[in-house]
Amino acid sequence: MSLKLIEQHFSFDGVQYKYSHYSEVLQCDMTFSIYLPSNKEKKEIPLIWWLSGLTCTDDNFSQKSGFQRLAEKHQVAVIIPDTSPRGENVADDAAYDLGQGASFYLTSTQQPWAKHYNMYAYINDELSSIVATLVPNFSGKESIMGHSMGGHGALVIGLKNTSKYKAVSAFSPILSPSQVPWGIKAFSTYLGENKASWKEWDASELIKETNTPPILITQGTGDQFYPEQLEETTFLENAKANNAAITYNKVEGYDHSYFFISTFLEDHFEFHVKHLR
């Protein structure tokens, strides 16, 4: 495995990097971004994962959110994967909510998607191993957050790996993908029509399990995709039945954009840092 440095930008005393590499798991070239704080005191540095939403790349969060100020303030590293495998030989679809840019962070079992669409293992195994070598004084402590499709991904990956991720948070997440148009379309395509196989990629099913990590969710009432795609009732009912540690904040008037994300991002960083320290 060889990394190629594409970009490097100083920001709030830390450095924002962008790399490319060939993924053995996805069988294509991939990019990711990572912010490393200054760590002037040479302390151990924890890691926060950010997963972006439909149509996004790793650039959206790094360039729009202003998270670098918070990462430097709290002295945490932040890793931002791309949202899907990409390339001329990678299966795609003309619709924005399927194919490249729309992986749903799962392990596809259906053709032609199965060859490349294994974002779950890419993030949880392959990229995890790579990023561990890039963070100086890495503490080994990790948490995960995301937006929309990435919020779904953060919840699913966090709930499937409760000993690895100390906390999970999400902005406008797809909480019950098996019940909403985005998720039904993606799951039918990537996983097939057997709905029993969908359960392991649905946060509303996974939250029924024991020992869930602390979870913070923020949802705007002015979101154009709420409640049709982002319905919360099933997830919250199942979480309550399992006594899961969930904080669900509904904020009046906010939409699905990075104006919304940047407004409440500090709350999410403080939540993660509390559990990472």
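**Exercise 1. Which residues of α2 are buried?**

Before the solution, two remarks on the model are needed. This is a predicted model, in which local features need pLDDT of at least 70 and side-chain atom pairs count only at pLDDT 80 or more, whereas totals for chains, interfaces and linings use all residues. Residues are numbered from 1 along each chain as its sequence is written, and side-chain values use heavy atoms, with hydrogens and water left out.

Step 1. Helix α2 spans residues 67-74; helices (H or I, at least four residues) and strands (E, at least two) are DSSP runs, numbered from the N terminus.

Step 2. Buried means under 20% relative accessible area, exposed over 50%, and partly exposed in between, with a 1.4 Å probe and protein chains only. By this criterion F67, Q68, L70, A71, E72 and H74 are the buried residues of α2.

Step 3. Because six of its eight residues are buried, α2 is largely enclosed by the rest of the structure. The cover over these buried residues includes β1 (4-11), β2 (14-23), β3 (28-36), α1 (59-64), β5 and α8.

Step 4. Just after the helix, Q75 takes a positive phi of about 55 degrees.

**Exercise 2. Describe how α2 and α8 cross.**

Step 1. The axes of α2 and α8 (residues 258-276) come within 10 Å and cross at roughly 30 degrees. Axes are lines fitted to C-alpha atoms, for helices over the stretch in contact, and angles run from 0 to 180 degrees between N-to-C directions.

Step 2. That angle makes α2 roughly parallel to α8, since angles under 35 degrees count as roughly parallel, over 145 as roughly antiparallel, 65 to 115 as roughly perpendicular and the rest as oblique.

Step 3. The crossing is right-handed, a term used if the near helix is turned clockwise from the far one by less than a right angle, with left-handed for anticlockwise.

Step 4. On the α2 side the contact (heavy atoms within 4.5 Å) is made by F67, R69, L70, A71, K73 and H74, and on the α8 side by L265, E266, F269, E270 and V273.

**Exercise 3. Place strand β4 in its sheet and describe its surroundings.**

Step 1. Nine strands form an open sheet with mixed pairing, in the order β1-β2-β3-β5-β4-β6-β7-β8-β9. Two strands pair if DSSP finds at least two bridges between them. Strands of a sheet pair through backbone hydrogen bonds, either parallel or antiparallel.

Step 2. At the edges stand β1 and β9 (246-251), each with a single partner strand, so one side of each is left without a neighbour in the sheet.

Step 3. Strand β4 (residues 45-51) pairs in the parallel sense with β6 (residues 138-147) over six bridges, and likewise in the parallel sense with β5 (residues 77-81) over three bridges. Within these pairings, I48 stands opposite S143 in β6, while L47 stands opposite A77 in β5 and has E142 as its bridge partner in β6.

Step 4. Seven of the seven residues of β4 are buried: I45, L47, W49 and L51 lie on one side, and P46, I48 and W50 on the other. Helix α4 (residues 149-160) lies across β4, β6, β7 (165-171) and β8 (215-220), running at about 140 degrees to β6.

**Exercise 4. Locate S148 and L236, and contrast their burial and contacts.**

Step 1. S148 is found in the loop between β6 and α4, whereas L236 belongs to helix α7 (residues 233-241), which lies across β8 and β9 and runs at about 150 degrees to β9.

Step 2. With a relative accessible area of 2%, S148 is buried; L236, at 27%, is partly exposed.

Step 3. Not counting neighbours within four places in sequence, S148 is in contact with G53, F171, S172, P173, I174, W182 and H256. Under the equivalent exclusion of residues up to four places away, L236 touches I246 and Y248.

**Exercise 5. Which residues touch the most other members of the largest nonpolar core?**

Step 1. A nonpolar core is a set of buried Ala, Val, Leu, Ile, Met, Phe, Trp, Tyr and Cys residues joined through side-chain atoms within 4.5 Å.

Step 2. The largest such core has 65 residues, of which F32, I34, W49, F104 and Y190 touch the most other members. Helix α3 (residues 119-132) supplies its largest share, seven residues.

Step 3. Apart from this core lies another, of 21 residues, among them I48, F61, L70 and V76.
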